[in-house]
Amino acid sequence: MFFTKNPIIIGIESSCDETAVAIIKNRSVLSNVIFHQNVHKKYGGVVPEIAARLHEKRLPITIKKALKLAKLNKDKINAVSVTMGPGLINSLLVGVSFAKSLSIGLKIPLLSVNHIQAHILAHFIKNSKNDYPLFPFICLVISGGHTQIILVYNYFHMKIIGSTLDNSVGESIDKIAKMLGFDYPGGPAIESFSKLKNYKRFYFKKPFVNGFNFSFSGFKSGFFRFLEKNKKKDPFFIEKNIHSLCISLQISISEILIEKIKKVISKTGIYRVALSGGVSKNKIIRKMFSSLKNDINYKSKKFKLYLLKKEYTTDNGAMIAITGSIKYKKKLFDSIDEYPYPKFDKF
Ligand code: KG4
Ligand code: ZN
């Protein structure tokens, strides 16, 4: 097999409702194309059958576009990396089948990628400051599908030390957003309703969860009860307070996340923290985590926060391609018999 030290990798992501393809050379992104399946909006959540069909329809166009933007012919690609799991099984099957066809057709290796690991390794995509997390670091993965605290010892050695016991943080934001009258996905909508300076801070019940775990279903229920109580007093409570509700929601979620990360820092003595996943796009969450730098307890300990460029927070092909690129360099190729997996709870 032909092997190069500077591989060009195509990354395919189809685990949920984004059809995404990117091309990477070493750490540099040559193209990053994302097709958002907006059709799910009207159903209030992702419909797996529709998602899979749309991946099948959109992948050929997305791959062609990624090659065109990278100004490359397909025969220049050295390997194909693809999300093998976790995710919606029918959607994964579509991406994996395309990747296997490319691998066979172009006679290039297949690189199987774990979606969560890819959210984390997105931090190794080339950035303008050439600043990448040093190992070990703590990664908080907050997305629509996952809420996990992971200790990252190196590219391939990771340990999940905290998880949500029920809903993911993104799922709970999306459901709360629905209560407030927003379409799916609610995260971006909630963020856009938070530009008020003189907002009223509301406090919602925060569930008590032991250790490094979370319960965002508990938080969501607390929020629901808060709304119901206030709507009884004033039927227009939501309309009158929408900005304050959105801001308070984001602050409360940030507080829950920060409290756990502080616990992890004090337990492990690791002061490098990286945020990954769609929810880490949120400005208030980013700002509140950043302000830890000024906290007297963290300032002296060289606390360092790693935030991704926003386009690499939500599901994208670049995170799959960078993970593939790192695996390629270690010659960690996979068999064509590899089969997608919907769930996963341990690296
Ligand atoms: O990482 P992602 O694209 O998909 C999964 O792997 O699940 O994350 C999607 C989640 C959704 O719940 C969406 O509402 C949330 O990320 N999200 C946000 C923002 N943008 C996306 N949440 C808060 N603020 C945002 N700006
Ligand atoms: Zn994801």
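Which backbone oxygen does the side chain of N316 reach at 2.8 Å? In this predicted model, the partner is the backbone oxygen of T314. A second contact of this kind involves Y312, whose backbone oxygen lies 3.3 Å from a polar atom of the N316 side chain. N316 itself sits in the loop between β10 (304-306) and α10 (317-329). With a relative accessible area of 0%, N316 is buried.

The zinc ion (ligand 2) makes a good next stop. Its protein donors are H115 and H119, each through NE2, together with an OD atom of D315. These donors lie 2.0 to 2.1 Å from the zinc ion. Along the chain, the donors follow the spacing H-x3-H-x195-D. Because H115 and H119 are four residues apart in helix α3, about one helical turn separates them. Both of these histidines are buried. The zinc ion has four donor atoms, and the angles among them run from 96 to 135°. On this basis the site is classed as irregular. For orientation, the ideal angle for four tetrahedral donors at a metal is 109.5 degrees.

Attention can now turn to ligand 1. Its surroundings comprise 19 residues, of which G144, G145, D174, E191 and G278 come nearest. Three of these nearest residues also make polar contacts with the ligand. A polar side-chain atom of D174 is found 2.7 Å from an oxygen atom of ligand 1. In the case of E191, an N or O atom of the side chain lies 2.7 Å from a nitrogen atom of the ligand. G278 takes part through its backbone instead, with an N or O atom 2.9 Å from an oxygen atom of ligand 1. On its own, ligand 1 has 560 Å² of accessible area, and the protein covers 91% of this.

Which elements give two or more residues to the shell around ligand 1? They are the helices α3 (115-121), α4 (169-179) and α5 (186-192). Of the contributions to this shell, the largest share comes from α5, which gives three residues. Helix α3 is thus a meeting point for the two sites, as it gives residues to the shell of ligand 1 and also holds the zinc donors H115 and H119. Sorted by class, the shell around ligand 1 consists of twelve polar, four charged and three nonpolar residues.

Notes: Residues numbered from 1 in each chain as written. Chains lettered and ligands numbered in written order. Predicted model: local features only at pLDDT ≥ 70, side-chain atom pairs only at ≥ 80, totals over all residues. Heavy atoms only, no water. Near = heavy atom within 4 Å. Polar contact = N/O pair within 3.5 Å; in protein donor to acceptor, adjacent residues only side chain to side chain. Areas by Shrake-Rupley, 256 points an atom, 1.4 Å probe, with all protein chains shown as cover. Nonpolar A, V, L, I, M, F, W, Y, C, P; charged D, E, K, R; others polar. Donors = N, O, S within 2.8 Å, 3.2 Å for Na, K, Ca; no water. Tetrahedral: all angles 85-135°; square planar, octahedral: opposite > 155°, others 65-115°. Buried < 20%, exposed > 50% of the residue type's maximum accessible area, 1.4 Å probe, protein only.
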